[in-house]
Amino acid sequence: MSAYAGTPPEIRIGRVHLWHPEHTLAVTDLPERATLPEARDRQLLALGIDRVRVADGLTEVDLAERAALDALAGSGTDPADLDGLLLVQGRAPEYLMASEATRLQHRIGATRALTLGVGDLGCVSSSAAIEIGAALLRGRGGPGRILVAMGVRAAATARYRPPMTVLGDCGAAFLLTTGDDDAGGAPYTSTGDTGGSAPYTGPYTSGGAPYAPGGDGAGPAPRPAAGGRSARYRLLGQELRSDGRYADLFRIRYRELPPERWAEECADENAYSFQLAIESRNRLRDLNAELLRRCATAQDELAAVVMQNLSVGAFAFWQDALGLKIADVCRDNLAGHGHLGPADVLMNLERLAPSVPAGGKVLVMNSSPVAAWCTALVERLPD
């Protein structure tokens, strides 16, 4: 790739297309409740999560594919025109040594896209994908389009991750574009698994289940008119940090156990609940201050603040620790979907969009117990 001549291009974040499985599981019906101690069960029921979606029989690539097809259709983008495809990888790939990123590339027909997998930072992997995608676009020397996609599903049988949250499943995808290529255009009909750009009329088959692009798993995806805007936000800046001291604080021992016995373990709950909490408070406080200073934005100028969804207690902690009001949309999404890993902040940002006026600035905080932290500032674009 050639260096970009002159002023670096503006990076825009497209509408986030979410695909949610139909099967809903109430938290009160979680099978693991039968073996939980009474105190732990009370803790579970106090998280503020009512239900989660469950992707029966679908892999992470299947979920990413559904959302990716919706994002392509919704933006009028031919997959053969993509310059890049970034798959935010899941925590339990279907096969070792195989490439899930290029599997998705083939399924959606992104034949010429530079294709990479981005992972290993937990929830913050989606922020890392934006960082990498923005760098690739700035290095192109001209307009560009990069699709970021992910499939999120619980790796272990138990969905309750003590002491913090309950895991749900979904797919999510969006386009990163330069300001001179907003991906507006004529509606595009998904290619399906053809390996090319021939029009596809459906139904699309993946993982044994018929699928046609649908937008949020419920009805047709919105498609812009020719020349219309598909981007939601302009990326003003982002700061990302990590700390390997917490690299295996949460883990699944998989080599010596069959999948049905996999369980998420917290190596040290005291370190998570206190030590890492203080570390995260300090990191996000400093990242916020640095980013807002660099972007010449005062905290009271923010239209909204979003972050990942863990529990209502976590929201209360962050509001008190950082002096910021977390947008109510985060609590709503937490109650209806639980924790969606790297897709949390994306879902919150997308569902916040209708309430943010053009020009409004939104602070996006993302963190992971691996540990990694990211703060981003975005500006709402007019529809």
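A cavity is a set of points, on a 1 Å grid over the protein atoms alone, where a 1.4 Å probe fits but cannot get out. A pocket is an open set of points with protein on both sides within 12 Å along at least five of seven lines. Lining residues have an atom within 4 Å of a point. Grid points are joined across faces, edges and corners, and a volume is the space filled by probe spheres set on the points.

This is a predicted model, in which local features need pLDDT of at least 70 and side-chain atom pairs count only at pLDDT 80 or more, while totals for chains, interfaces and linings use all residues. Residues are numbered from 1 along each chain as its sequence is written, and side-chain values use heavy atoms, with hydrogens and water left out.

## Cavities

The whole structure holds 3 cavities of 30 Å³ or more. The largest encloses about 120 Å³. Its lining has 14 residues, and Ile130, Gln238, Val345, Val364 and Ala376 lie nearest the centre. Five elements give two or more residues each to this lining: α4 (125-138), β13 (231-242), α8 (344-352), β17 (361-368) and β18 (372-380). Here helices (H or I, at least four residues) and strands (E, at least two) are DSSP runs, numbered from the N terminus.

The second largest cavity has about 60 Å³ of space. Gly14, Arg15, His17, Ala71, Gly74, Ser75, Leu175 and Ser230 line this cavity. Helix α2 (residues 60-75) supplies the largest share, 3 residues.

## Pockets

The largest pocket holds about 1000 Å³. It is lined by 44 residues, with Gly90, Arg91, Ala92, Ala155 and Ile252 nearest its centre. Strands β7, β14 (250-252) and β15 (264-266) each give two or more residues to the lining.

The second largest pocket comes to about 470 Å³. Of its 22 lining residues, Met164, Tyr272, Ala277, Leu310 and Ala314 are closest to the centre. Two or more residues come from each of α5 (269-294), α6 (312-322) and β17. Helix α5 gives the most, with 5 residues.

The table sets out the linings by class. Ala, Val, Leu, Ile, Met, Phe, Trp, Tyr, Cys and Pro count as nonpolar, Asp, Glu, Lys and Arg as charged, and the others, Gly among them, as polar.

| Space | Nonpolar | Polar | Charged |
|---|---|---|---|
| Largest cavity | 10 residues | 4 residues | no residues |
| Second largest cavity | 2 residues | 5 residues | 1 residue |
| Largest pocket | 21 residues | 12 residues | 11 residues |
| Second largest pocket | 13 residues | 9 residues | no residues |

## Strand β7

Strand β7 spans residues 145-152, and 8 of its 8 residues are buried. Buried means under 20% relative accessible area, exposed over 50%, and partly exposed in between (1.4 Å probe, protein chains only). Arg145, Leu147, Ala149 and Gly151 point one way from β7. Ile146, Val148, Met150 and Val152 point the other way.

Which strands pair with β7? Two strands pair if DSSP finds at least two bridges between them. Strand β5 (residues 84-88) runs parallel to β7, joined by 5 bridges. One of the partners is leucine 86, which is bridged to valine 148 in β7. Strand β10 (residues 170-178) pairs with β7 in the antiparallel sense over 8 bridges. There, glycine 151 stands opposite glycine 171.

## Two residues in strands

Isoleucine 11 sits in strand β1 (residues 11-14). It counts as buried because its relative accessible area is 1%. Contact means heavy atoms within 4.5 Å. Beyond its neighbours within four places in sequence, isoleucine 11 touches several residues, among them Ala134, Leu137, Leu176, Thr177 and Tyr233. Isoleucine 11 and glycine 144 are 133 residues apart in sequence, and their C-alpha atoms are 9.7 Å apart in space.

Serine 368 belongs to strand β17. With a relative accessible area of 7%, serine 368 is buried too. Leaving aside neighbours within four places in sequence, serine 368 is in contact with Leu121, Gly122, Cys123 and Val124.

## Cysteines

A disulfide is a covalent bond between the sulfur atoms of two cysteines. The cut-off used here is a pair of cysteine sulfur atoms within 2.5 Å. How many disulfides does a search of the whole structure find? The count is 0 disulfides. Cysteine 170 is buried, at 0% relative accessibility. Cysteine 295 is buried because its relative accessibility is 17%.
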